[in-house]
Amino acid sequence: PSMLEPRGPSGSSQTGFVYVFDQLGNPISGAAVTMIVHYPAGDQAFDLPPTGANGATWLSFNMGQTTPGTIVSVDFIVNYPGLKTIVTRTSYLVWHY
């Protein structure tokens with residue numbers, strides 16, 4: 001998983017994305033992905049669209065009014081029938097410009 005921008009100003013838009021592949025490197029279409037943003041004021045969950053033919057999905061969201069200098073962790077939870085649930089994490093830095 002990753003964030004489109006590694007840092008951004010408070011109140012701006014951020015995009016989280018993930019690519020889902022099987023153990024052979026083939027993209028998995030139709031995987032369900034939940035993104036949990038761990039804001040300092042509390043967690044917020046977002047359901048991303050199902051992964052496409054290339055195994056990718058993404059969602060833009062507002063970074064909220066978070067204090068500059070804060071690192072915000074983001075978990076991605078991937079579910080696909082017949083496979084173990086996968087949880088992975090990334091983060092972004094709230095900065096001032």
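**Strands, rings and a pocket**

Three strands make up an open sheet, in the order β1-β3-β6, and their pairing is antiparallel. Its edge strands are β1 (2–3) and β6, each of which pairs on one side only. The model is predicted.

Take the β1 side of this sheet. β1 and β3 pair in the antiparallel sense over 2 bridges. Here methionine 3 stands opposite glycine 16 in β3. Now take the β6 side. β3 and β6 are joined over 7 bridges, again in the antiparallel sense. Glycine 16 appears here too: it stands opposite leucine 59 in β6.

Stay with β3 and look at one polar side chain. Glutamine 14 sits in this strand, which covers residues 13–19. Is glutamine 14 buried or exposed? Glutamine 14 is buried, because its relative accessibility is 2% and the cut-off for buried is under 20%. What does its side chain find there? A polar atom of the glutamine 14 side chain lies 2.8 Å from the backbone oxygen of glutamate 5. Leaving aside residues up to four places away in sequence, glutamine 14 touches Met3, Leu4, Glu5, Leu59, Ser60, Phe61, Met63 and Tyr92. Two of those names have a place in the sheet already described: Met3 is the residue opposite glycine 16, and Leu59 is the β6 residue opposite glycine 16.

Next, the rings. The structure holds 4 aromatic pairs. One of them joins phenylalanine 17 and tyrosine 19, with 6.2 Å centre to centre and 85° between the planes. This pair is edge-to-face, because its angle of 85° falls in the range over 60 degrees. How accessible are the two residues? Phenylalanine 17 is partly exposed, with a relative accessible area of 24%. Tyrosine 19 is also partly exposed, at 46% relative accessibility. Both values lie in the partly exposed band because buried means under 20% and exposed means over 50%.

A second pair is made by phenylalanine 46 and phenylalanine 61. Their centres are 5.5 Å apart, with 35° between the planes, and the pair is tilted. This pair links distant parts of the chain: phenylalanine 46 belongs to strand β5 (residues 42–47), phenylalanine 61 to strand β6 (residues 56–62), and 15 residues separate them. Both phenylalanine 46 and phenylalanine 61 are buried. Phe61 is also one of the residues that glutamine 14 touches. Return to the edge-to-face pair for a moment. Phe17 and Tyr19 form one aromatic cluster with Phe21.

Other strands pair as well. Strand β4 (residues 32–39) and β7 pair in the antiparallel sense over 7 bridges. Along this pairing, histidine 38 has serine 73 in β7 as its bridge partner. β7 also pairs with β8 in the antiparallel sense, over 8 bridges. Phenylalanine 76 stands opposite threonine 88 in β8. What do β7 and β8 form? They form a hairpin with 6 residues between the strands, and glycine 82 in its turn has a positive phi of about 85°.

The last stop is empty space. The largest pocket has a volume of about 240 Å³. Its lining counts 13 residues, of which Val20, Phe21, Ile28, Leu83 and Ile86 lie nearest the centre. Phe21 is therefore shared by the pocket lining and the aromatic cluster. Which strands each supply at least two residues of the lining? β7 (71–79) and β8 (86–95) do, and these are the two strands of the hairpin.

Technical notes
Residues are numbered from 1 along each chain as its sequence is written. This is a predicted model: local features need pLDDT of at least 70, side-chain atom pairs count only at pLDDT 80 or more; totals for chains, interfaces and linings use all residues. Side-chain values use heavy atoms; hydrogens and water are left out. Rings of Phe, Tyr and Trp (its six-membered ring) pair if their centres lie within 6.5 Å; planes under 30 degrees apart count as stacked, over 60 as edge-to-face and the rest as tilted. Buried means under 20% relative accessible area, exposed over 50%, partly exposed in between (1.4 Å probe, protein chains only). Helices (H or I, at least four residues) and strands (E, at least two) are DSSP runs, numbered from the N terminus. A polar contact is a pair of N or O atoms within 3.5 Å; within protein, one must be able to donate a hydrogen and the other to accept it, and residues adjacent in sequence count only if both atoms are side-chain atoms. Contact means heavy atoms within 4.5 Å. Two strands pair if DSSP finds at least two bridges between them. On a 1 Å grid over the protein atoms alone, a cavity is a set of points where a 1.4 Å probe fits but cannot get out, and a pocket is an open set with protein on both sides within 12 Å along at least five of seven lines; lining residues have an atom within 4 Å of a point. Grid points are joined across faces, edges and corners, and a volume is the space filled by probe spheres set on the points.
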